[in-house]
Amino acid sequence: GVLSSYLSDPFYILLLDTRSRDAYSRSHIVTARWHKEVTTDMRFLIDAYSYLDQYSLVIVYDDQGSTTDEQSSAMQLLKQFEGLGLERVTFLLDGFQSFYRDFPFLCDSKGHWSEKERGQIETHPSSIIAGKLYQGNCEHARSERVFTDLGISHVVNVSSEHYNSFEKKAKYLKIPVLDEKDSTLLVYFERSTDFLMEALRVGGIARALHSRR
């Protein structure tokens, strides 16, 4: 959200892991729940529609993200949810293994997340071009973990207040724009585009685009 991460809201997203219990226990996407814990919950058994409808989004995933096996736990669960008439249910294509390869830092073995614990999750920038270009805020720009996790090599710093935090690790382009409604970025588009295109041309290392907020 605007003021805090959507992950801090326990009713924003429900991630359901349909792999085996052992696989789930070893590692899963942060905040995900093992599907049988949910489908055997008394509140779910009493009124499955109301239980799921309290979430803004429900995502089901398995190991490989295959939609060809109609008898898989993931496909069976999706059919069950579709039968309830739920519209905000989706399937994670390519599954957990693909997600883990791209975002290992967003996977762990923790079983449950309280609302307080969710609020302490360190977020990462939004992916614009997978593995190459990200858009984040000033907190991301100051996070050494973000730079390490994503391998940031180039940064567009769109602010007048914030300094370049990791000049020994990354190349910076400073765009000194005030965070005011009458500020314009148009005069900087060509310069920032050239900077980003050169970064992408080098290839092989993730880049970042950071703004003030």
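1. Why does C107 count as buried? The reason is its relative accessibility of 11%, because buried means under 20% relative accessible area. This is a predicted model, and the points below should be read in that light.

2. C138 falls under the same heading. Its relative accessibility is 15%, so C138 also counts as buried. As for bonds between cysteines, the structure holds zero disulfides.

3. Next, the sheet. Four strands make it up, and the sheet is open. Their order is β3-β1-β4-β5, with parallel pairing. The edges are held by β3 (33–34) and β5 (89–91). Each of these two has a single partner strand, so one side of each lacks a neighbour in the sheet. Helix α5, residues 73–83, packs on the sheet. The helix touches β1, β4 and β5. Its direction makes about 160° with that of β5.

4. Strand β1 deserves its own point. It spans residues 13–17 and is joined to β3 by two bridges. Here L16 stands opposite R33 of β3. Towards β4, five bridges join β1 to that strand, and the two run parallel. On this side, D17 stands opposite Y61 in β4.

5. How many residues of β1 are buried? Five of its five are, which leaves the strand mostly covered. The side chains split by direction: I13, L15 and D17 point one way, while L14 and L16 point the other way. Both sets are buried.

6. Now the aromatic rings. A search of the whole structure finds nine aromatic pairs. One of them joins Y61 and F96, and this pair is stacked. The ring centres lie 6.1 Å apart, with 20° between the planes. The pair links distant parts of the chain, 35 residues apart. Y61 belongs to strand β4 (residues 57–61), whereas F96 belongs to helix α6 (residues 95–102). Both Y61 and F96 are buried.

7. F96 has a charged partner as well. The charged end of R19 sits over the F96 ring, 4.0 Å from the ring centre. Taken together, F96 pairs with Y61 and carries the charged end of R19 over its ring. Y61, in turn, stands opposite D17 of β1.

8. Which residues form one aromatic cluster? They are F11, F44, Y51, Y55 and F81. Of these, F81 falls within the residue range of helix α5 (residues 73–83), the helix that packs on the sheet.

Methods. Residues numbered from 1 in each chain as written. Predicted model: local features only at pLDDT ≥ 70, side-chain atom pairs only at ≥ 80, totals over all residues. Heavy atoms only, no water. Phe/Tyr/Trp six-rings, centres within 6.5 Å; stacked < 30°, edge-to-face > 60°. Buried < 20%, exposed > 50% of the residue type's maximum accessible area, 1.4 Å probe, protein only. Lys NZ or Arg CZ within 6 Å of the ring centre and 35° of its normal. Pairing = 2+ DSSP bridges. Contact = heavy atoms within 4.5 Å. Axes fitted to C-alpha atoms, helices over the stretch in contact; angles between N-to-C directions. Disulfide = S-S within 2.5 Å.
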